[in-house]
Amino acid sequence: MMGTKTGAERITAAFAEGKQAFIPFITAGYPAPELTVDIALALQEEGAAVIELGVPYSDPLADGPTIQHASAQALSYGMTIGRTVELAEKMRSAGLTVPLVLFTYINPVLQHGPERLFKDMEASGIDGILIPDLPVEEAEDIEALAHAHARPLIQLVAPTSEQRVEMIASRASGFLYCVSSLGVTGARAALGEGVTRFLEQVRAFSSVPVAVGFGISSAEQAQMVAPYSDGFIVGSALLEKIREAESLLMCEETKEEGFHIVKKFVQQLQSRV
């Protein structure tokens, strides 16, 4: 759908701009389904290299209160993994050209049917998938589908996976998602200790770009990880800002004002990289 490049090639190419790639995470259907499309387009306009599109889930393993709130609201609109894929198609029709990565837990994938999901992703212009609760040791079947449909399974590596970094990095495709701090996601005032040493280790083994997430909430933090990574992921802090602007975004008369708040925050995030 998006030209002749594979999903992995499109994702990797997004890091080749000579600067830190900004990768925002948004929840499909939050604050409302049609607004998710507008938000994705606004993020592209403000320089997003890749967009992570989260499938709302009622029992999230590693999500902090901000993402849980966004998921609960999206679920109230009847969002499912199938409707998230449909939303991605609407984003493409509306002019979204940057790579899209589906972020979902394994249960919705199994309920939808893995093979059906990859076919749907291909048809709707989703470039890759990230499944945080699928250990790399159990990912063979999904990896085979990902390879067959040229839609990479993005691997996630954490400081707790120290003994497995080389093995996980060797299986990485598209980019490697590094968890920068332990525990559930959420905007943090400071990055965890030992992050730089961990990132150096990951980079030494990785043949694909390395992006850091789980806790980045400011330009200062993005700048701190810049020498050791190729991109930074912002989820909770962005959703917090969307929540702050939510009442403005939900009203046609004040929508523009709401987007101004979100865009200003995104500009600030990228101001030092």
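## Salt bridges across the fold

How many salt bridges does a search of the whole structure find? The answer is ten. Keep in mind as you look around that this is a predicted model. Side chains of opposite charge can pair when their charged atoms come close. Let's walk through some of the pairs.

Start with Glu-45 and Lys-263, whose side chains meet in a salt bridge with an N to O distance of 3.0 Å. This pair links distant parts of the chain, as Glu-45 sits in helix 2 (residues 33-45) and Lys-263 in helix 13 (residues 255-269), 218 residues apart. Glu-45 has a relative accessible area of 56%, so it counts as exposed.

## Two more pairs, and a network

Next up is Glu-143, which forms a salt bridge with Arg-171; their closest N and O atoms are 2.9 Å apart. Glu-143 belongs to helix 7 (residues 140-148), while Arg-171 is in the loop between helix 8 (165-170) and strand 6 (176-179), so this bridge ties together parts that are 28 residues apart in sequence. Is Glu-143 buried or exposed? Its relative accessible area is 18%, and because buried means under 20%, Glu-143 is buried. Arg-171, on the other hand, is partly exposed, with a value of 31%.

Then there's Asp-230 with Arg-203, where the closest N and O atoms are 2.6 Å apart. You'll find Asp-230 in the loop between helix 10 (219-225) and strand 8 (231-234), and Arg-203 in helix 9 (residues 195-205), so the pair ties together parts 27 residues apart in sequence. Both partners of this bridge are partly exposed: Asp-230 has a relative accessible area of 22%, and Arg-203 comes in at 33%. Elsewhere, Arg-10, Arg-92 and Asp-127 are joined into one network by salt bridges that share partners.

## Helix 11 meets helix 3

Now to how helices pack, with helix 11 (residues 236-244) as our guide. Its axis comes within 9 Å of the axis of helix 3 (residues 65-76), and the two cross at roughly 55 degrees. That angle makes helix 3 oblique to helix 11. The crossing of these two helices is left-handed.

Which residues of helix 3 and helix 11 meet? On the helix 3 side they are Thr-66, Ile-67, His-69 and Ala-70, and on the helix 11 side Ser-236, Leu-239, Glu-240 and Arg-243. It's a mixed bunch: the residues of this contact divide into three nonpolar, three polar and two charged.

## Helix 11 meets helix 13

Helix 11 also packs against helix 13, at an angle of about 155 degrees and with the axes 9 Å apart. The two helices are therefore roughly antiparallel, and helix 11 passes helix 13 in a right-handed crossing. From helix 11, the contact uses Ala-237, Leu-238, Lys-241, Ile-242 and Glu-244; from helix 13, it uses Ile-261, Val-262, Phe-265 and Val-266. Here the residues divide into seven nonpolar, no polar and two charged.

What do the buried residues of helix 11 pack against? Those buried residues are Ser-236, Ala-237, Leu-238, Leu-239, Lys-241 and Ile-242. They pack against strand 1 (21-27), strand 8, helix 2, helix 3, helix 12 (246-249) and helix 13.

## A closer look at Val-262

One residue worth picking out in helix 13 is Val-262. Its relative accessibility is 4%, so Val-262 counts as buried. Leaving aside residues up to four places away in sequence, Val-262 touches Leu-238, Lys-241, Ile-242, Ala-245 and Leu-249. To get a feel for distances, try Val-262 and Thr-160: they are 102 residues apart in sequence, and 33 Å separate them in space, C-alpha to C-alpha.

## Backbone details

Two spots in the backbone are worth a visit. Tyr-30 and Pro-31 are joined by a cis peptide bond, with omega at about -5 degrees. Pro-31 itself is in the loop between strand 1 and helix 2.

The other spot is Ala-150, in the loop between helix 7 and strand 5 (153-157). Although Ala-150 is not a glycine, it has a positive phi of about 55 degrees. With a relative accessible area of 27%, Ala-150 is partly exposed.

Key:
Residues are numbered from 1 along each chain as its sequence is written. This is a predicted model: local features need pLDDT of at least 70, side-chain atom pairs count only at pLDDT 80 or more; totals for chains, interfaces and linings use all residues. Side-chain values use heavy atoms; hydrogens and water are left out. A salt bridge is a side-chain nitrogen of Lys or Arg within 4 Å of a carboxyl oxygen of Asp or Glu. Helices (H or I, at least four residues) and strands (E, at least two) are DSSP runs, numbered from the N terminus. Buried means under 20% relative accessible area, exposed over 50%, partly exposed in between (1.4 Å probe, protein chains only). Axes are lines fitted to C-alpha atoms, for helices over the stretch in contact, and angles run from 0 to 180 degrees between N-to-C directions. Angles under 35 degrees count as roughly parallel, over 145 as roughly antiparallel, 65 to 115 as roughly perpendicular and the rest as oblique. A crossing is left-handed if the near helix is turned anticlockwise from the far one by less than a right angle, and right-handed if clockwise. Contact means heavy atoms within 4.5 Å. Ala, Val, Leu, Ile, Met, Phe, Trp, Tyr, Cys and Pro count as nonpolar, Asp, Glu, Lys and Arg as charged, and the others, Gly among them, as polar.
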